[in-house]
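Work through the following exercises with the model open beside you, and attempt each task before reading the solution beneath it.

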Amino acid sequence: MEEDDRIMVIKPGSGEAIQVAVRTMSASKLVMDIIKDDDDVRTPLIELPNISSKWLMVAVEFLRHLRKEPHVEFKKPVGATMADTVNLEWYAKFSDRFSQLDALELVKAADYLKIEKLLELACAKIALFIKS
């Protein structure tokens with residue numbers, strides 16, 4: 001079995017553990033660093049105490065889509081809306097569902113998981129809140 005086909009179990013600080021493909025989490029530098037140091041090559045169990053299951057699931061949703069459409073880009077400075085800021089529609093719609101407080105939580109989750117594109121998206125969303 002190739003490494004990308006492995007399933008990992010991620011236990012957030014609060015909420016239930018989830019199963020997710022290693023390849024889905026490949027854009028998370030934190031998770032990949034943990035796996036690299038793990039000797040269990042079958043089903044890695046990763047404990048992430050600094051994230052809730054809610055924000056872990058949001059990150060996983062983002063990462064699953066990022067594998068389908070990896071060429072997301074953000075205009076700088078940000079446009080008038082997320083649709084003007086991001087080059088792919090799904091990412092604009094994804095970010096539009098977050099309030100100001102949620103966008104801040106998303107920044108914290110993306111930063112903790114070290115997911116560059118999610119952090120960039122969340123920061124663009126906050127920039128739009130500031131701009132308006």
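**Exercise 1. Across which strands does helix α2 lie, and at what angle does α2 run to β3?**

Solution. In this predicted model, helix α2 lies across β1, β2 and β3, and its direction makes an angle of about 115 degrees with that of β3. Helix α1, residues 29–36, can be treated in the same step, for this helix lies across β1 and β3 and runs at about 150 degrees to β3.

**Exercise 2. Determine the strand order of the sheet and the sense in which its strands pair.**

Solution. The general background is that strands of a sheet pair through backbone hydrogen bonds, either parallel or antiparallel. Here the three strands form an open sheet in the order β2-β1-β3, and the pairing is mixed. The edge strands are β2 (18–21) and β3 (45–52), each of which pairs on one side only, and neighbouring strands are turned against each other by 40 degrees on average when direction is ignored.

The next step is to take each pairing in turn. Strand β1, residues 7–14, pairs with β3 in the parallel sense over five bridges, whereas β1 and β2 pair in the antiparallel sense over four bridges. Individual residues can then be placed: I10 stands opposite I46 in β3, while in β2 its bridge partner is I18. S14, for its part, stands opposite S52 in β3. The last step concerns the hairpin of β1 and β2, where three residues lie between the strands and G15 takes a positive phi near 100 degrees.

**Exercise 3. Describe how helices α2 and α4 are placed against each other, and list the residues through which they meet.**

Solution. Two packed helices are described by the angle between their axes and the distance between the axes. For α2 (residues 53–68) and α4 (residues 89–96), the axes come within 11 Å and cross at roughly 170 degrees. Angles over 145 degrees count as roughly antiparallel, and α2 and α4 are therefore roughly antiparallel to each other.

On the side of α2 the contact involves V58, E61, F62, H65 and L66, which meet W90, Y91 and F94 in α4. Sorted by character, the residues of this contact divide into six nonpolar, one polar and one charged.

**Exercise 4. How many aromatic pairs does the structure hold, and what geometry do the pairs formed by W90 with Y91 and with F94 have?**

Solution. The structure holds six aromatic pairs. In the pair of W90 and Y91, the ring centres are 5.1 Å apart and the planes stand at 85 degrees, an edge-to-face arrangement. The rings of W90 and F94, by contrast, have centres 4.9 Å apart and planes at 20 degrees, so this pair is stacked, since planes under 30 degrees apart count as such. W90 and F94 are four residues apart in helix α4, and they are therefore separated by about one helical turn.

Accessibility is the next step. W90, at 25% relative accessibility, counts as partly exposed, whereas Y91 is buried with a relative accessible area of 0%, and F94 likewise counts as buried at 2%. The final step is to follow the ring pairs further, which shows that they link W55, F62, W90, Y91, F94 and F98 into a cluster.

Note on methods: Residues are numbered from 1 along each chain as its sequence is written. This is a predicted model: local features need pLDDT of at least 70, side-chain atom pairs count only at pLDDT 80 or more; totals for chains, interfaces and linings use all residues. Side-chain values use heavy atoms; hydrogens and water are left out. Axes are lines fitted to C-alpha atoms, for helices over the stretch in contact, and angles run from 0 to 180 degrees between N-to-C directions. Helices (H or I, at least four residues) and strands (E, at least two) are DSSP runs, numbered from the N terminus. Angles under 35 degrees count as roughly parallel, over 145 as roughly antiparallel, 65 to 115 as roughly perpendicular and the rest as oblique. Contact means heavy atoms within 4.5 Å. Ala, Val, Leu, Ile, Met, Phe, Trp, Tyr, Cys and Pro count as nonpolar, Asp, Glu, Lys and Arg as charged, and the others, Gly among them, as polar. Rings of Phe, Tyr and Trp (its six-membered ring) pair if their centres lie within 6.5 Å; planes under 30 degrees apart count as stacked, over 60 as edge-to-face and the rest as tilted. Buried means under 20% relative accessible area, exposed over 50%, partly exposed in between (1.4 Å probe, protein chains only). Two strands pair if DSSP finds at least two bridges between them.
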